[in-house]
Amino acid sequence: RVVCIEAGVDASERTCSILAGGDCRRVQPCQIISGVGGCSLLSSGKISTYPAGRSMSQFFSNEDNARQSTDAALKLFESYVPIELSRASKRDIEDVGAEFRTRGFEFRYYPAHRFRSSDLVCGLNKMMSQLENSGITIHTKTQLTKISAQKGLFTLEARSPVETSTIYARKVLLATGRSGAQFVRHAAHDLNLNVHAPRFDIGVRIEFPSHLWSTIDRCHNDL
């Protein structure tokens, strides 16, 4: 039996008051980064593929395997969510690269495909329904509060708005994201795991009026 625990809400319930022009509601966990669908549901309408995320290759034996894995993931995603594939030609990429260099920027192309948020919600609901129909139990609005192990058996304590529960499991896969980073640190200490935080990357975002460079995204949807 498989049990999936999600701290956030279902895709169709996720909202953000800031995106609607209001003030932050201080909902915990934050619905921009938590909930079914992850960050892409409310923050963007695009999905990038290899060579974006090239560091994934460290989990595979080589870059070819990493590329094949991301291609397979995109194909699976497309079976649930209609996407507008990036179709930039080699000539387009070369021309845009030259234009970037004249403006003092380096240009690195990777495919970035577009989708509509409403299609993503429908696709996620379909995924969830198929998982539940296959026998997987899914608990949303539920947070893990503690995990321990003894004699090959894990004990997980979880809390939702309506109840506190205990789950016993032989195997546990943690994929907590940013909101669960502190929980992972405590769990690693309690389970005597040698876990190190990865390097901290800082991204720089430049914003300017679109008329100053109206063609910036003509072959790259991630700009």
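Which helix does threonine 70 lie in? I looked this up before anything else, and found threonine 70 in helix α2, which covers residues 63-78. I note here that the model is predicted.

**Entry: threonine 70**

I asked whether threonine 70 is buried or exposed. Its relative accessibility is 12%, so I entered threonine 70 as buried, the cut-off being under 20%. I then listed what threonine 70 touches, leaving out residues up to four places away in sequence, and got Tyr50 and Met56.

**Entry: methionine 56**

I followed the contact to methionine 56, which has its place in the loop between β2 (46-48) and α2. Methionine 56 has a relative accessibility of 31% and therefore counts as partly exposed. I wrote down its contacts in the same way, without residues up to four places away in sequence: methionine 56 touches Ala66 and Thr70. I also looked up a distance along this stretch. Methionine 56 and serine 43 are 13 residues apart along the chain, and their C-alpha atoms are separated by 22 Å.

**Entry: threonine 49**

I went to another residue of the loop between β2 and α2, threonine 49. Is threonine 49 buried or exposed? I found a relative accessibility of 7%, so threonine 49 counts as buried. Leaving aside neighbours within four places in sequence, I found threonine 49 in contact with Leu74, Tyr110, Pro111 and His113.

**Entry: the sheet of β5, β6 and β7**

In what order do the three strands of the open sheet stand? I read the order as β5-β6-β7, with antiparallel pairing. The edges are β5 (143-150) and β7 (164-169); each has a single partner strand, so one side of each is left without a neighbour in the sheet. I noted the turn between neighbouring strands of this sheet as 20° on average, with direction ignored. For background, I wrote that strands of a sheet pair through backbone hydrogen bonds, either parallel or antiparallel.

I then took one pair by itself. Strand β6 covers residues 153-159, and β5 pairs with β6 in the antiparallel sense over seven bridges. I looked up which residues face each other across this pair. Lysine 146 stands opposite glutamate 157 in β6, and glutamine 150 stands opposite leucine 153 in β6.

**Entry: the turn between β5 and β6**

How many residues stand between the strands in the hairpin of β5 and β6? I found two, and lysine 151 takes a positive phi near 55° in this hairpin. I marked this because most residues other than glycine have a negative phi. Lysine 151 is not a glycine, yet its phi is positive. I placed lysine 151 in the loop between β5 and β6. Lysine 151 has a relative accessible area of 81%, so I entered lysine 151 as exposed.

**Entry: the loop between β1 and α1**

I looked for another positive phi and found arginine 26, with a value near 60°, in a residue other than glycine. Arginine 26 lies in the loop between β1 and α1. Its relative accessible area is 67%, and therefore I entered arginine 26 as exposed.

I also checked a peptide bond in this part of the chain. The bond from glutamine 28 to proline 29 is cis, with omega near -5°. In general, most peptide bonds are trans. Proline 29 lies in the loop between β1 (3-5) and α1 (40-43).

**Entry: the protein as a whole**

How many helices and strands does the protein have? I noted five helices and seven strands. Along the sequence I read the pattern β-α-β-α-α-β-α-β-β-β-β-α.

For the extent of the protein, I wrote that its C-alpha atoms fill a box of roughly 60 × 45 × 35 Å, taken along the principal axes. Of the 223 residues in the protein, 25% are buried. The accessible surface comes to about 15,900 Å², and carbon and sulfur atoms hold 51% of that.

I looked up contacts along the chain as well. Among contacts with a separation of 6 or more, 60% are between residues 24 or more positions apart. My last lookup was on charges: the protein has 28 positive and 23 negative charges, and their mean positions are 4 Å apart.

Terms used: Residues are numbered from 1 along each chain as its sequence is written. This is a predicted model: local features need pLDDT of at least 70, side-chain atom pairs count only at pLDDT 80 or more; totals for chains, interfaces and linings use all residues. Side-chain values use heavy atoms; hydrogens and water are left out. Helices (H or I, at least four residues) and strands (E, at least two) are DSSP runs, numbered from the N terminus. Buried means under 20% relative accessible area, exposed over 50%, partly exposed in between (1.4 Å probe, protein chains only). Contact means heavy atoms within 4.5 Å. Two strands pair if DSSP finds at least two bridges between them. Axes are lines fitted to C-alpha atoms, for helices over the stretch in contact, and angles run from 0 to 180 degrees between N-to-C directions. Accessible areas come from the Shrake-Rupley method with a 1.4 Å probe; for residues, only the protein chains shown count as cover. Lys and Arg count as positive and Asp and Glu as negative; His and the chain ends are not counted. The place of a charge is taken as NZ of Lys, CZ of Arg, CG of Asp or CD of Glu.
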